[in-house]
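Student: Could we go through this structure slowly, and could you show me how each term is justified?

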Amino acid sequence: MRSHKAIAALVAPLLGVLSLAACTPSGPDEEADVSIDQDWSAAEPITIDVFSAPANYQGIESGWFGKIVKDKFNMELNILAPNVAGGGDTLYNTRVAGGELGDLVIVGKGQQIDELVEGGLVLDAAPYYEAMQNTSEYDPAVQKINEGKDSIYSFPTMVSTLKPTEPAEGVDPTFGPFLRWDYYAELGYPEIDTLEDLLPVLKDMQDAHPEADNGKPTYGLSLFKDWDGNMMVMAGQPPAVYGYEHLGFAEAKGDGSDYHGILAPESEYLRALKFYYEANQMGIVDPESTTQNYDTMFAKYQSGQVLLSWWPWLGQQAYNTEQNMADGKGFQLVPMQDQTVLSHGANVYGGGLVYGIGSKAEDPARIAAFIDWLYSPEGIESNSADNAGAGPEGLAWENGPDGPVLTEFGRQAILEGGEVEVPAEWGSGAYKDGGSSLNASAVLPNDVDPRTGYSYNYKLWPSYQETSANPLIEDWSKEMGGSKTTMEYLQSNDQLLVAPGASFTAPTDSSEIETLRNQVKATIVEHSWKMAFAKDGAEFDALLAEMQETANGLGYEKVLEVDLANAEAQNEAREAVANEFG
């Protein structure tokens, strides 16, 4: 299956960058037609290469999203996904070295896009921007992310009109300890004081239910490697439960109160590795974790084989179907007493990714028109369908007299796992396989849709909340003091840390730091996985010491000094934007 969930900046790996030969930034040919306001459906058919750093599917975009794009622009999208093409930097480096990354690129803001601009791989889009009426609604963000450049080269993702001190998420934060609530309830809702207390609970749950409904073994935890970058990504998730995030090798509290390196004795990253080690010693870690990819792991969540999810958009999306929830089964946040869950505030200047037009694109005007459509209400709802957007109007939802409401098809498609077949006129195929593979929403789904007066996020619609009551939610709410949503519970119990949304991007690494970083991160990732699966405590400690010694010998401290400075600068940017807009 495809998985297209948007990953917060501290989860997605920072792709490597190449040192490009100095080039003059590219603009459209003087004789090129820069008009984007035309009937593209009548234009000659084209297929464009879309390099998407966060994409989890590679190939031609098909299904209902692909059909919308084809019908509107007579254009097919050929997705190039480094997460699928072996992971890491290889695909990016190979294509950059060849002088052509893609016709449409979705890459990191700051260092990555800056390098592409300097290398002449991204087009000067200013001549098109003048006519991009939807995009220009977010002009402050467009201007902000192009500061220091001589023109407009990129466009923001996840931009918002909400205050930066408001959570960017909807009813659930991006992170948290989400357990199979039905199994947790069977145990009598045992108290969980801290992270390590999850282990005996997971062990008891697995012992009570050694097999899933499909007859395959259950595991407390299941891991994957696809997104590893500066570190083992799965070990970067428990720190977020305590308000920490990672910027390079720096581990920083979201409120700016604490900074240290991920290899420091007090780091939550090392604590997470010890957590996984102890879990494996207890026999509750999926033994296929070291070889499987995200899609394989996701399928295990769908079949009920995994009991803990650090992300609601993993466990809940995969397993919390209407039928399962009606049966009282599903993932919900557990009340861990010492948690302070990290939430990223709405970003008036956009998130960590940007769109750009490749300098060798044959029809840049059409690509500019497509980008502009992504900022339209139709584009926002369609491109955000895997990020709480409701998908296409008329198929998955309709605007009624009392506001937007999911259609019967929409409820099946969105709330029942997405296996329902899409009507032929909408593209055919299973709904879940037909969503956007870009994995980068232009606008935050929590923003208000001008067509309805309500959020693009269907979970915030009154019609959805009125009909979403089920035995799972009712039992969870009863045990959580009457809270209706995860956000409500965390906020009312002072367990949510909102890092204000700010347009901070780390400066481009010097060639020296880049070289050192690539060496250091390789040994950190390698040793982290070995530590999680160490045979005993002595081997774990030996691997830890070896990792720290090797990393230091390769220049870890020098890179960390840069990362800590960037983390502090990020906090300053957050304080500034909170003061300006909060």
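Tutor: Let us start with one pair of residues, remembering that this is a predicted model: P156 stands opposite V354 in β13.

Student: What makes β5 and β13 a pair of strands?

Tutor: Two strands pair if at least two bridges are found between them, and β5 and β13 are joined by two bridges in the antiparallel sense. The cut-off is therefore met, and the two count as paired. On its other pairing, β13 meets β4 over five bridges, again antiparallel, with L104 standing opposite I357 in β13.

Student: Which sheet do these strands belong to, and what is its order?

Tutor: They belong to an open sheet of six strands, in the order β2-β3-β1-β4-β13-β5, and its pairing is mixed.

Student: Why are β2 and β5 called edge strands?

Tutor: Each of them, β2 (59–60) and β5 (155–156), has a single partner strand, so one side of each is left without a neighbour in the sheet. For β2 that partner is strand β3 (residues 75–80), which pairs with β2 in the antiparallel sense over two bridges, and there G59 stands opposite I79 in β3.

Student: How do you know that helix α13 is largely enclosed?

Tutor: A residue is called buried when its relative accessible area is under 20%, and 11 of the 11 residues of α13 (residues 364–374) are buried, so the helix is largely enclosed by the rest of the structure. Among these buried residues are R366 and D372, as well as I367, F370 and W373. The helix lies across β1 (46–52), β3, β4 (104–108), β5 and β13 (353–357), and it runs at about 150 degrees to β13. Strand β13 is itself mostly covered, since four of its five residues are buried.

Student: What makes α9 and α20 roughly antiparallel?

Tutor: The axes of helix α9 (residues 268–281) and helix α20 (residues 537–553) come within 12 Å and cross at roughly 150 degrees. Angles over 145 degrees count as roughly antiparallel, and that makes α9 roughly antiparallel to α20. The crossing is right-handed, and in it L270, L273, K274 and Y277 of α9 meet G537, F540, L544, M547 and Q548 of α20.

Student: Which residues have the most contacts inside the largest nonpolar core?

Tutor: That core has 88 residues, and those with the most contacts inside it are M232, Y276, W310, W311 and I524. If neighbours within four places in sequence are left aside, M232 is in contact with L223, Y269, L273, Y276, V525, S528, W529 and A532. Apart from this core lies another, of 62 residues, with V50, Y129, I371 and V420 among them.

Student: What is the order of the sheet that contains β7, and which strands are its edges?

Tutor: Three strands form this open sheet in the order β7-β8-β9, with antiparallel pairing. The edge strands are β7 (244–247) and β9 (259–261), each of which pairs on one side only. Strand β8 (residues 250–253) is joined to β9 over three bridges, and A250 stands opposite G261 in β9. Helix α21 (residues 556–581) packs on the sheet, touching β7, β8 and β9, and its direction makes about 155 degrees with that of β9.

Student: What makes β14 and β15 a hairpin?

Tutor: Strand β14 (residues 397–400) and strand β15 (residues 403–406) run antiparallel and are joined by four bridges, and two residues lie between them in the hairpin. Within this pairing, W397 has L406 of β15 as its bridge partner.

Technical notes:
Residues numbered from 1 in each chain as written. Predicted model: local features only at pLDDT ≥ 70, side-chain atom pairs only at ≥ 80, totals over all residues. Heavy atoms only, no water. Core = buried A, V, L, I, M, F, W, Y, C linked by side-chain atoms within 4.5 Å. Buried < 20%, exposed > 50% of the residue type's maximum accessible area, 1.4 Å probe, protein only. Contact = heavy atoms within 4.5 Å. Axes fitted to C-alpha atoms, helices over the stretch in contact; angles between N-to-C directions. Parallel < 35°, antiparallel > 145°, perpendicular 65-115°, else oblique. Left-handed = near helix turned anticlockwise from the far one by under 90°.
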